[in-house]
Amino acid sequence: MSLVRNSCQFVSDNSKHVKINKEELQKQVNEWYINNKHKYKEFDEYECHLGGDEEQIVDFLFILDSLNFCFWPQKDYEYENLSSAIKECFQKCPQQFKAESILKMTFEEFQQLLFPNFPNFPLITERFRLLQHASEVLMTFFEGEFVNVIKAAKNSAAKLLNILTTQFLGFQDHAIYQGRQTFFYKRSQILIGDIYAALKGQGLGKFNDIEILTMFPDYRVPQILNQLNVLQYDEELQNMIKNEIEINHGSEYEIEIRANSVIAVELIKEEFKKLGQKLNSIEVDWMLWQMGEELRFDIVPHHRTLSIYY
Ligand SMILES: Nc1nc2c(c(CN[C@H]3C=C[C@H](O)[C@@H]3O)cn2[C@@H]2O[C@H](COP(=O)(O)O)[C@@H](O)[C@H]2O)c(=O)[nH]1
């Protein structure tokens, strides 16, 4: 995706607080390659829980990835908890998350469905607002069906990304760095990646240009890259993260962390290619995200930014 790659490259070339250690990166890729770390776990969690109905699976992913952000402020509730809660709703009553039903849903019903034990879950009112907004867009432009958004993209990931980031406010994940627009598009790209992975590139999951997606700049992948010294932070930034001091959305720190994560994954992909292992950026992402998840209690803390984008 040239918007994301090109704008993140500019940030990486001009970063003051974050540096990519290319030697460390090469060393890591060789280690991962030898230990087959790039054979990431296939994500087939969806089918076994949603009976393989592809429309229901993409509806589930649209809801999930409209809400898939900022879990860190709340202990004992992570991505997996949200994924399971939404899946349970779909198993009990798939109509509940159709756009028409969401527009009739009260905030209390929403909170009870997805965050029953956390009435004050971080950004919970934002999550409800984003879901209602997305439902209004589906009703207004896509006859209330997310599957019509996918069909409008005609098997192009680039087209689907463009529709998601132009029609849905919640997916407009970009920032301004030294006056320039910098694109990340984390949740819209992860939504496309999830549709592709869950449907194994078939049917509604068939994209002729899936390789245009970049990694999904969240807070877990930079965390593992920092732990492995692939991403090096200046002392001030490293101390803020070590002391779990919040970093503002849109700050140079935050943008440089996210943009250098995007570029580091591109460089990792190139190193794998030199070893004869062709991977898409999303496959490198999944490998790193799973590593970060597994090690999350034993590695340096991740950066803490309150955001609806990741
Ligand atoms: N870069 C990247 N970020 C990802 C994911 C996922 C999970 N997705 C896969 C898993 C199964 C499905 O097949 C999905 O493909 C969640 N996140 C982000 O992490 C953060 C959540 O972390 P914690 O607080 O520990 O739950 C939060 O920002 C969330 O948005 C990914 O894959 N890549």
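Which oxygen or nitrogen atom of the ligand does a polar side-chain atom of W289 lie 3.0 Å from? It's an oxygen atom: the polar side-chain atom of W289 sits 3.0 Å from an oxygen of the ligand. Keep in mind as you look around that this is a predicted model.

Let's stay with the ligand for a bit. On the nitrogen side, a backbone N or O atom of F216 lies 2.9 Å from a nitrogen atom of the ligand. D218 joins in with its side chain, where an N or O atom is 3.0 Å from a nitrogen atom of the ligand. As for how wrapped up the ligand is, on its own it has 660 Å² of accessible area, and the protein covers 99% of that. If you're hunting for the spot on the model, look for the largest pocket, which is the space taken by the ligand.

Now for who lines up around it. There are 20 residues around the ligand, and N68, K186, D194, D285 and E293 come nearest. Sorted by class, the shell has eleven nonpolar residues, eight charged ones and one polar one. Several helices chip in: α3 (45-50), α11 (186-198), α12 (220-227) and α15 (281-295) each supply at least two residues of that shell. The top contributor is α15, which gives four residues.

Next, step away from the ligand and take a walk along the chain, starting with N21. You'll find N21 in the loop between β1 (18-20) and α2 (22-34). With a relative accessibility of 12%, N21 falls under the 20% cut-off, so it counts as buried. The side chain of N21 has a partner too, reaching the backbone nitrogen of E23 at 3.1 Å.

Further on, N117 is in the loop between α7 (107-114) and α8 (124-141). Is N117 buried or exposed? It counts as exposed, because its relative accessibility is 63% and the cut-off for that label is over 50%. For a sense of distance, N117 and T182 are 65 residues apart along the chain, and their C-alpha atoms are separated by 37 Å.

Helix α8 is also where M139 has its place. M139 has a relative accessible area of 35%, so it is partly exposed. How far apart in space are the C-alpha atoms of M139 and E100? The separation is 7.2 Å, with their positions 39 residues apart along the chain.

Two loop residues are worth a look for their backbone angles. One is N155, in the loop between α9 (146-152) and α10 (157-167). Phi of N155 is near 60 degrees, a positive value in a residue other than glycine. N155 is partly exposed, because its relative accessibility comes out at 32%. The other is E244, which you'll find in the loop between α13 (235-242) and α14 (252-274). Phi of E244 is positive as well, near 50 degrees, and again the residue is not a glycine. E244 has a relative accessible area of 45%, so it too goes down as partly exposed.

Carry on from that loop into helix α14 and you meet Y253. Y253 is buried, because its relative accessible area is just 13%. What separates Y253 from Q178 in sequence and in space? Along the sequence they are 75 residues apart, while from C-alpha to C-alpha they are 12 Å apart.

The last stop is K278, in the loop between α14 and α15. K278 counts as exposed, because its relative accessibility is 62%. K278 and A134 are 144 residues apart along the chain, and their C-alpha atoms lie 35 Å from each other. From K278's loop, α15 takes you back to the ligand, as that helix gives the most to the shell.

Technical notes:
Residues numbered from 1 in each chain as written. Predicted model: local features only at pLDDT ≥ 70, side-chain atom pairs only at ≥ 80, totals over all residues. Heavy atoms only, no water. Near = heavy atom within 4 Å. Polar contact = N/O pair within 3.5 Å; in protein donor to acceptor, adjacent residues only side chain to side chain. Areas by Shrake-Rupley, 256 points an atom, 1.4 Å probe, with all protein chains shown as cover. 1 Å grid on protein atoms, 1.4 Å probe; cavity = no way out; pocket = protein on both sides within 12 Å on 5 of 7 lines; lining within 4 Å. Sits in = over half its atoms within 2 Å of the grid points. Nonpolar A, V, L, I, M, F, W, Y, C, P; charged D, E, K, R; others polar. Buried < 20%, exposed > 50% of the residue type's maximum accessible area, 1.4 Å probe, protein only.
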